[in-house]
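Reader: I have a structure open in front of me. How do I start reading it?

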Amino acid sequence: MVNADRAALAEADSLRVVVIGGGAAGFFGAIACARSNPAAEVVVLEAGPQFLSKVLISGGGRCNVTHACFEPSQLVQSYPRGHRALRGPFSRFQPQDTIAWFAAEGVLLKTEPDGRMFPTTDRSSTVADGLLRAATRSGVELRLRSPVSDVRHDGREFAVQLRSGQTLWADRVLLATGSQPSAYRWAAALGHSIVPPVPSLFTLAIPDPRLDTLAGLSVERGRVRLLSPNDGGSKKRQPPLEQIGPILITHWGLSGPAVLKLSAWGARSLHDSRYRATLQVNWLGEESAEMARDRLRLLKQANAKRAVSTSGPLELPKRLWQQLVFAVGVAPDQRWGDLPKGPIESLVQELVQGEFQIAGKGVFKDEFVTCGGVDLKSVDFKTLESRHCPGLYFAGEILDIDGITGGFNFQSAWSTGWIAGQAIAASDRPT
Ligand SMILES: Cc1cc2nc3c(=O)[nH]c(=O)nc-3n(C[C@H](O)[C@H](O)[C@H](O)COP(=O)(O)OP(=O)(O)OC[C@H]3O[C@@H](n4cnc5c(N)ncnc54)[C@H](O)[C@@H]3O)c2cc1C
C-alpha cells in the first residue's frame, strides 16, 4: 500500500510505516510496530541482498545477542556514548526482555562465564531466522535490494525515494540504517546534528621490541591506561581512559578485553590524535609500584642464586617477564642476589608503569562499531522520535550510541528498535 498512488493513500486509514534498514534495529522496530498496531502497514527496505547481515556475521558467527546484566543503572555503564540517554529505554526494554522475546520465538539463549549471551545453538542463523519468522508472522512486508537514496518530509508525510526511482509515501519513517553515511545526510537535511562518525572497538598497533615474539600470550588481569592524548581542554565529562582486564599480545601490538574497552572509551580522542598516543601498561593489574617493589624484594630473597630472567612474578607469562628483564638491560644470567637497586627499580617501572607508543589502529574481527551518529539531543528517548521532524524515528547504530564489546551493541539496537516500534504504532495518523 505504501507504494500505491499518493492520492489513494491519502484516503487510506491505516498507518503507513517505512522502516529503512533490515538490520537488528529495523527488524525489532518493524515487528514491535506491526504487533502493536496490526492495522499498520509496515515495510522494511533493505539495500542489500540479505536481511540481518550483521546478525549473521556477528560474534564470530555465534551472535552475541545481549549481556547478562539486568540492572539498567549498571547496564548503561557499558556505553561510552549513550549511557545517559539509554537509562529510560533500558528501564522499559532490557536484556531480560530480550531473553524473553527471543524465547517466545523459540530462540533460547545461554550465558557464558563472562556474561555474554549467545543462542544455545551457537549459530547466529538461529537468531536471524527467529527475527525473519517473527516479522513475516506479524505481517511486515520485507523488501530486499531496495536501497533508499533520499528521505524528505513535506510537513505532512514522508517521501522515501528509492534508488530504483520509485517513491514510497509514509506517515512514519524509522531510520535504522546503521552507520550508513547517506542516512546521516538525510537526517542532517531534516534538521539533526550529526556527531562525526569514527571507529570504535579496535586493537592497538604497538611496534615494540618488548612485545616481539610474544604473540598469543595473555595476562589475565592487567591495566591499560591512555596517558595521551588528553581531552584537549574539553569541559565535557571525561570517560575513564583506563581499563582493567585480560590483555592479549598480538602480532601487531595489544588486544584483549581491557584494550578493546579502552579503544571504545578513547575512540574519539584516539581518532583525533591519528591513533598516536602513549599507553601505560600495568602487567600486575592494580598493584602499585610499592607492592611490586615488595614482591621483587621477596623474589630476590627467595631466589638469590637463580637467574632473574628465569624467576619472575608467578602470574606473568615467563617469556613476557624475560622480555621485560632484557628491556631494562639485565643480562640473561644475572642472579637475583647480585641485582643492584637501579635495575630493580627499572623492573618495577616496567611491571606497573611500562610505557608503549601506540602507532595506529588495528581491527577486531569479531565486532566493530561506530562512535558518532545522530546527536542524541535531537531525539526524544521516550519514543525515539525526532525532536525536529515529527513522524521520524531513529533506532540502532545510526544514533550516537555505542557499547563496549559483549552484546551491548545489539542490546541497544533491540531496545531502541522496540521502543520506536511501539511508539510509532501508538502514534496517531496525521489528518
Ligand atoms: C563483524 C561484526 C560483529 C559484531 N558482533 C556483535 C556481537 O556479537 N554483539 C553485539 O552486540 N554487536 C555486534 N556487532 C555490532 C552490531 O552488529 C551492531 O551494533 C548492530 O548490527 C547495529 O544494528 P543496526 O540495525 O542499527 O544496524 P545494521 O545492523 O548495520 O543494519 C542496518 C541495515 O540498514 C541497511 N541500509 C543502510 N543504508 C540503507 C539504505 N540507504 N537503504 C536501505 N537499507 C539501508 C544496511 O544494509 C543494513 O542491513 C558486530 C559488528 C560487526 C561489524
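**Domains, helix pairs and a ligand shell**

Author: First, a caution: this is a predicted model. Now look at the chain as a whole and start with its domains.

Reader: Which residue ranges does the domain assignment give for domain 1 and domain 2?

Author: Domain 1 covers 6–199 + 367–426, and domain 2 covers 202–363. So domain 1 is written as two ranges, because that is how the domain assignment gives it. The C-alpha centres of the two domains lie 40 Å apart.

Reader: How many residues does each domain give to the contact?

Author: Domain 1 supplies 8 residues and domain 2 supplies 11 residues. On the side of domain 1 that touches domain 2, 6 are nonpolar, 1 is polar and 1 is charged.

Reader: Next, helix pairs. How do I read the packing of helix 2 and helix 14?

Author: Take the angle and the distance between the axes. Helix 2 and helix 14 pack at about 30°, with axes 7 Å apart. Angles under 35 degrees count as roughly parallel. Helix 2 and helix 14 are therefore roughly parallel to each other. The crossing is right-handed.

Reader: Which residues make that contact?

Author: From helix 2, they include Ala24, Ala25, Gly26, Phe28 and Gly29. From helix 14, they include Phe410, Ala413, Trp414, Gly417 and Trp418. By class, the contact of helix 2 with helix 14 has 15 nonpolar, 7 polar and no charged residues.

Reader: What about helix 2 and helix 7: at what angle do they cross?

Author: They cross at roughly 30°, and their axes come within 9 Å. Helix 7 spans residues 124–137. Helix 2 and helix 7 are therefore roughly parallel to each other. Is the crossing left-handed or right-handed? It is left-handed.

Reader: Which residues of helix 2 and helix 7 meet?

Author: Phe27, Ala30 and Ile31 in helix 2 meet Leu131, Ala134 and Ala135 in helix 7. This contact has 6 nonpolar residues, with no polar and no charged ones. Ala30 and Ile31 of helix 2 also appear in the contact with helix 14.

Reader: Now helix 12 and helix 13. What is their packing angle?

Author: About 130°, with the axes 9 Å apart. Helix 12 holds residues 318–327, and helix 13 holds residues 341–353. The angle makes helix 12 oblique to helix 13. Helix 12 passes helix 13 in a right-handed crossing. Leu324, Val325 and Ala327 of helix 12 contact Leu347, Glu350 and Leu351 of helix 13. By class, that contact has 5 nonpolar, no polar and 1 charged residue.

Reader: Last, the ligand. How many residues surround the ligand, and which are the closest?

Author: Read a ligand site as a shell of residues. Here, 37 residues surround the ligand. The closest are Gly21, Gly23, Gly59, Gly178 and Gly396.

Reader: Which elements give two or more residues to this shell?

Author: Helix 2 (24–36), helix 3 (53–61), helix 8 (181–189) and helix 14 (408–426). The largest share, 5 residues, comes from helix 3.

Reader: How do the residues of the shell divide by class?

Author: There are 16 nonpolar, 16 polar and 5 charged residues. Find helix 2 and helix 14 once more: both give residues to the shell, and they pack at an angle of about 30°.

How values were computed. Residues numbered from 1 in each chain as written. Predicted model: local features only at pLDDT ≥ 70, side-chain atom pairs only at ≥ 80, totals over all residues. Near = placed C-beta within 6 Å. Helix = DSSP H or I, 4+ residues; strand = E, 2+ residues; numbered from the N terminus. Nonpolar A, V, L, I, M, F, W, Y, C, P; charged D, E, K, R; others polar. Axes fitted to C-alpha atoms, helices over the stretch in contact; angles between N-to-C directions. Parallel < 35°, antiparallel > 145°, perpendicular 65-115°, else oblique. Left-handed = near helix turned anticlockwise from the far one by under 90°. Contact = placed C-beta atoms within 7 Å.
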